[in-house]
Amino acid sequence: RDLYAAAAQRWNLQEITQIAAAEVRHAGAIQRLAATVGLTLPENAAGVYTTPAIQSMYQQLLALIESSENGALQAGALVEETDIMDLRSLKAQAKDESTIAVLAQLERGSTHHLNAFVRNLAARGVTYTPKVMTAEEFSAVVGADQGRGRGPGMGPKAACPTGACNIGNVCPNPGQGKGPGAGAGPGPVNGPRQPARMQGRF
């Protein structure tokens, strides 16, 4: 979240500006999820982290963002790569359906973001090479967005069986989207999709 805010302030890139705005909503989703299990997430100053490894990574990525627009897009791709793997690890440890549903939606959001960064870099003649994922994992994730419609979902509204909608404003039961994508992919049931990432990660 902090890195995207810095990137949006430094460069006039629509993709980053949109993601930076979304991160505020997504942080709120994680805070609400934490509250359901009695946890209060720490509120750190922007760019300040208690974990030395995360602080070091933040400084390195911030320098990459400040270097150029391409650097900002590459930093964004690396953040999403890292988050996808972290979310998968957390999801494997989660026990209740609501938590699993929210984490799964956050992973889908990071998948969309990673694909967007990779596409933007490719349009600039830059090939992004994965830094965290294996080549096989990266290929599977980058291909995950292909064939998905971009229009609003056409499926009927339905009650969320897990309660995830009330926690993170996301729903694991999407309607059938018919947007102008390469194929007829899933669209959201209750409004726009809510890609996100965990609070406290960049």
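Analyst: A helix here is a DSSP run of H or I with at least four residues, numbered from the N terminus. The model is predicted.

User: Where is Gln-55 found?

Analyst: Gln-55 is found in helix 3, the run 52-67.

User: What makes the pair formed by Tyr-49 and Gln-55 a polar contact?

Analyst: The cut-off for a pair of N or O atoms is 3.5 Å. The backbone nitrogen of Tyr-49 lies 2.7 Å from a polar atom of the Gln-55 side chain, so the pair falls within that cut-off. Leaving out residues up to four places away in sequence, Gln-55 also touches Gly-47 and Val-48, besides Tyr-49.

User: How are helix 3 and helix 4 known to pack, and what is the character of their contact?

Analyst: Their axes are 6 Å apart, at an angle of about 150°. Leu-61, Leu-64, Ile-65 and Ser-67 of helix 3 meet residues of helix 4 including Ala-72, Leu-78 and Val-79. The contact holds seven nonpolar residues, three polar and no charged.

User: Why is the set that includes Ile-16 and Ile-65 called a nonpolar core?

Analyst: The name applies because a core consists of buried residues of the nonpolar types listed for it, joined through side-chain atoms within 4.5 Å. The largest such set has 29 residues, and Ile-16, Ile-65, Leu-114, Phe-117 and Tyr-128 have the most contacts inside it. Helix 4 gives the largest share, seven residues. Beyond its neighbours within four places in sequence, Ile-16 is in contact with residues including Tyr-4, Leu-73 and Phe-117.

User: Which residues are included in the second core?

Analyst: This separate core of seven residues includes Ile-30, Ala-94, Leu-103 and Leu-106.

Methods: Residues are numbered from 1 along each chain as its sequence is written. This is a predicted model: local features need pLDDT of at least 70, side-chain atom pairs count only at pLDDT 80 or more; totals for chains, interfaces and linings use all residues. Side-chain values use heavy atoms; hydrogens and water are left out. Buried means under 20% relative accessible area, exposed over 50%, partly exposed in between (1.4 Å probe, protein chains only). Helices (H or I, at least four residues) and strands (E, at least two) are DSSP runs, numbered from the N terminus. Contact means heavy atoms within 4.5 Å. Axes are lines fitted to C-alpha atoms, for helices over the stretch in contact, and angles run from 0 to 180 degrees between N-to-C directions. Ala, Val, Leu, Ile, Met, Phe, Trp, Tyr, Cys and Pro count as nonpolar, Asp, Glu, Lys and Arg as charged, and the others, Gly among them, as polar. A polar contact is a pair of N or O atoms within 3.5 Å; within protein, one must be able to donate a hydrogen and the other to accept it, and residues adjacent in sequence count only if both atoms are side-chain atoms.
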